[in-house]
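Colleague: Can you walk me through this one? I have a few short questions.

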Amino acid sequence: MPKITLPDGSAREYENPVTVMEVAESIGPGLAKATLAGRVDGALVDSSTVLSADADVAIITERDSDGLEVIRHSCAHLMAQAVQRLFPKAQVTIGPVVEDGFFYDFAFSRAFTPEDLQAIEKVMGDIVKENLTVERSIMNRSDAVTMFKEMGEEYKVQIIESIPGDEDLSFYRQGDFIDLCRGPHVPSTGAFKAFKLTSVAGAYWRGDASNEMLQRIHGTAWGSKKDLKLFLQRLEEAEKRDHRKLGKHLDLFHFQEEAPGMAFWHPKGWSIYQTVQRYMRSVQDEHNYKEINTPQLVDYSLWEKSGHASKFSDEMFSVESENRMYAIKPMNCPCHIQVFNQGLKSYRDLPLRLAEFGSCHRYEPSGSMHGLMRVRSFVQDDGHIFCTEEQIQAEVADFMAMLFAVYKDFGFDEVILRLSTRPEKRVGSDEVWDKSEQSLKDALNATGLPWELVPGEGAFYGPKIECSLKDCMGRVQQCGTIQVDFSTPGRLGAHYVAEDSSKKEPVMLHRAVLGSFERFLGILIEHYAGAMPTWLAPEQVVILNITDKQGDYCRNFEESLKNKGFRVSTDLRNEKIGFKIREHTLQKIPYLLVVGDKEVESETVAVRKRGGEDLGTMTFDDFCALLSQDVARFGRSEQLDNS
RNA sequence: GCUCGCAUAGCUCAGGCGGUAGAGCACUUCAUUGGUAAUGAAGAGGUCCCCGGUUCAACUCCGGGUGUGAGCACCA
């Protein structure tokens, strides 16, 4: 006589053990039809699960995020079944759920083509129509291994052999297809309403580059056709915002074959870059950083001492000159320690905050480069804080406060914090790592914000906090970081005289707010879809004349705005006003000023905002006030309009 | 670095079972002096990514390279 308690608190009693599906049926046929799975006492289960004791039960449908996961996971099975119907020799491997969809990796003699994807999608549709029941079963390991061996599924055998423990395994069968899986799954293949295969590409077996490459097919699945459509529109929107496309269209930068992974910045792109840099300089000044500059080429021995050469020599550019080997600096920290080492430092000098817009070069693997997001030549907003152990937490706190304020000014309100701890390959004793990790945990807790622990992802010299922001498409972008380093200063001979006149090694905090200017600009371009807020816009105002008669007036107006420090230009071409408006709108200029005889007469300009909003006519002073106000609010979202 | 795809005018892209190419926009010139997202006409513009091979003939087919895209791997 199980008593089933539903999420709304109501309870139902049943004479005999019931399945989750039967509970749904007893509530209503509509719900039963929509049932994908159930949640019993907190655990996600199949709708066929039998309930013989009292339980808290929730019926999972496509409206639950769990329901969507079930759909996607089951859709991966659906796809695998379709692939094996079309290509019986393809072996299945793994097929997990990922953000917005799923994938499944297959071992096959050739790569799948886009035509194959279409065919697979069609067969998937057939299987949905067949509405095959999805059945769970349990099998012991040796039977499972025997079965997969008979089926020629060598990868599944490997997977089973690598699962620890010796308990029985669960399997899901739909028609002639069976897969090892924890589940839960949809009740039948008729449950799918909206799915699409999106791409195919290679992927290493078990994510290991020394293994063979499998064929990974990505797909997406949703609870309704409408959701699928919205998702596809989101993909389209992201494509429109692609910084590589906008960089060309807005004439911001380019790449060319002779310098792979190194941007050529054009006047407009460089203007944005410089505005961001000036801004960061002023913020760092406020936080008492001292800006420095260090050499591009440094003798290889320094990188050997710092420990970078042994780990990254393959990714460093090097230059031989006068029988000496130099590395083009891949990072700035060893150079900053050289600056610290000049002159005897006292504990009174700490914390010493050194900052550099440091140009770095790294030989990134060819396949990893991606527009401005991953380049071989970049400039970090780098900084190193030399301090005592006791000062770490306050320094980290100050850094976090600075970072939050900066991100807000750029229009990013949500920051995601993660703590990466000791990796396998590392320098320094466990005691030092314990200390470093604890100080970062303390600093994170002090922010009052949630944070996530990522074991094993720290740098080889110390743990790090990674700060990611969420852009307007909801994409998470890792930018800022602060890393504790108890090792490198000692390796490079840094020390200071402590209060008791003993010689001590300083702790070094590596930190960056933006990460690299290149990447951050890429993120900004995509976040704003190229329509930069006025303070960042390379051209803030363009003045347009109606006829040649207003040319001088426009030029004078331009000159006066330039004298106030604004970035202004005129477009006095012999073109119709509509044509000029269109062109500059496509170039995403924040303000267009139209000048005809009326405006000359009244000594005003007609102000049109980027979004098409007509602000009417204004005098020079009024327009200056408006523009100053707009520039002063940066990109802060609470005041950002949608123009 | 790996798998697969792509590389044609400044840009976005067509095209040809092997006989050296085209559109729109942009550009130049001329006409037009117009009020808030495209005025009209004419003109100019290409080593069809690079190096080999096959062929009477290669932008096209084959091989290699470079760059690039998606994904994987890597990321101090």
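Modeller: Here are some notes on the RNA contacts, two helix pairs and a few backbone details. Keep in mind that the model is predicted.

Colleague: RNA first. Which residues come nearest to strand B?

Modeller: There are 52 residues around RNA strand B, and Met331, Ser366, Ile546, Asn574 and Arg582 come nearest.

Colleague: What parts of the RNA are the protein-side atoms close to?

Modeller: Taking the atoms of RNA strand B within 4 Å of the protein, 45% belong to sugar or phosphate. The rest belong to bases.

Colleague: Which base atoms have a polar partner, and at what distance?

Modeller: A base nitrogen of RNA strand B lies 2.6 Å from a polar side-chain atom of Tyr204. For Lys598 the partner is a base oxygen of RNA strand B, 3.2 Å from a polar backbone atom.

Colleague: And what does His370 pair with?

Modeller: A phosphate oxygen of RNA strand B, which is 3.4 Å from an N or O atom in the His370 side chain.

Colleague: Which elements give two or more residues to that surface?

Modeller: Among the helices are helix 8 (243-249), helix 11 (308-312), helix 18 (577-586) and helix 19 (597-602). The strands include strand 14 (194-204), strand 15 (213-222) and strand 35 (605-609).

Colleague: Which one gives the largest share?

Modeller: Helix 18, with 7 residues.

Colleague: How does the surface near RNA strand B split by class?

Modeller: By class, 21 residues are nonpolar, 15 are polar and 16 are charged.

Colleague: Switching to helix packing. At what angle do helix 5 and helix 6 cross?

Modeller: Roughly 165°, with the axes of helix 5 (residues 141-151) and helix 6 (residues 154-162) coming within 8 Å. An angle over 145 degrees counts as roughly antiparallel, so that is how helix 5 and helix 6 lie to each other.

Colleague: Left-handed or right-handed crossing?

Modeller: Helix 5 passes helix 6 in a left-handed crossing.

Colleague: Which residues meet there?

Modeller: From helix 5, Arg141, Ala144, Val145, Phe148 and Lys149; from helix 6, Lys156, Val157 and Ile160. The class count for this contact is 5 nonpolar, no polar and 3 charged residues.

Colleague: What about helix 17 and helix 20, how do the axes cross?

Modeller: The axes of helix 17 (residues 551-563) and helix 20 (residues 620-632) come within 11 Å and cross at roughly 40°. That crossing angle makes helix 17 oblique to helix 20. The crossing is right-handed.

Colleague: Which side chains are involved? I mean, which residues meet?

Modeller: Helix 17 brings Phe557, Ser560 and Leu561, and these meet Phe620, Phe623, Cys624 and Leu627 of helix 20. In this contact of helix 17 with helix 20, 6 residues are nonpolar, 1 is polar and none is charged.

Colleague: Last topic, backbone. Where are there cis peptide bonds?

Modeller: One joins Gly183 and Pro184, with omega about -5°. Another joins Leu350 and Pro351, where omega is also about -5°.

Colleague: Where do those prolines sit?

Modeller: Pro184 is in the loop between strand 13 (177-180) and strand 14. Pro351 is in the loop between strand 22 (345-346) and strand 23 (352-361).

Colleague: Which residue other than glycine has a positive phi?

Modeller: Ala529 has one, with phi near 50°. Ala529 lies in the loop between helix 16 (517-527) and strand 32 (541-545).

How values were computed. Residues numbered from 1 in each chain as written. Chains lettered and ligands numbered in written order. Predicted model: local features only at pLDDT ≥ 70, side-chain atom pairs only at ≥ 80, totals over all residues. Heavy atoms only, no water. Near = heavy atom within 4 Å. Polar contact = N/O pair within 3.5 Å; in protein donor to acceptor, adjacent residues only side chain to side chain. Helix = DSSP H or I, 4+ residues; strand = E, 2+ residues; numbered from the N terminus. Nonpolar A, V, L, I, M, F, W, Y, C, P; charged D, E, K, R; others polar. Axes fitted to C-alpha atoms, helices over the stretch in contact; angles between N-to-C directions. Parallel < 35°, antiparallel > 145°, perpendicular 65-115°, else oblique. Left-handed = near helix turned anticlockwise from the far one by under 90°. Contact = heavy atoms within 4.5 Å.
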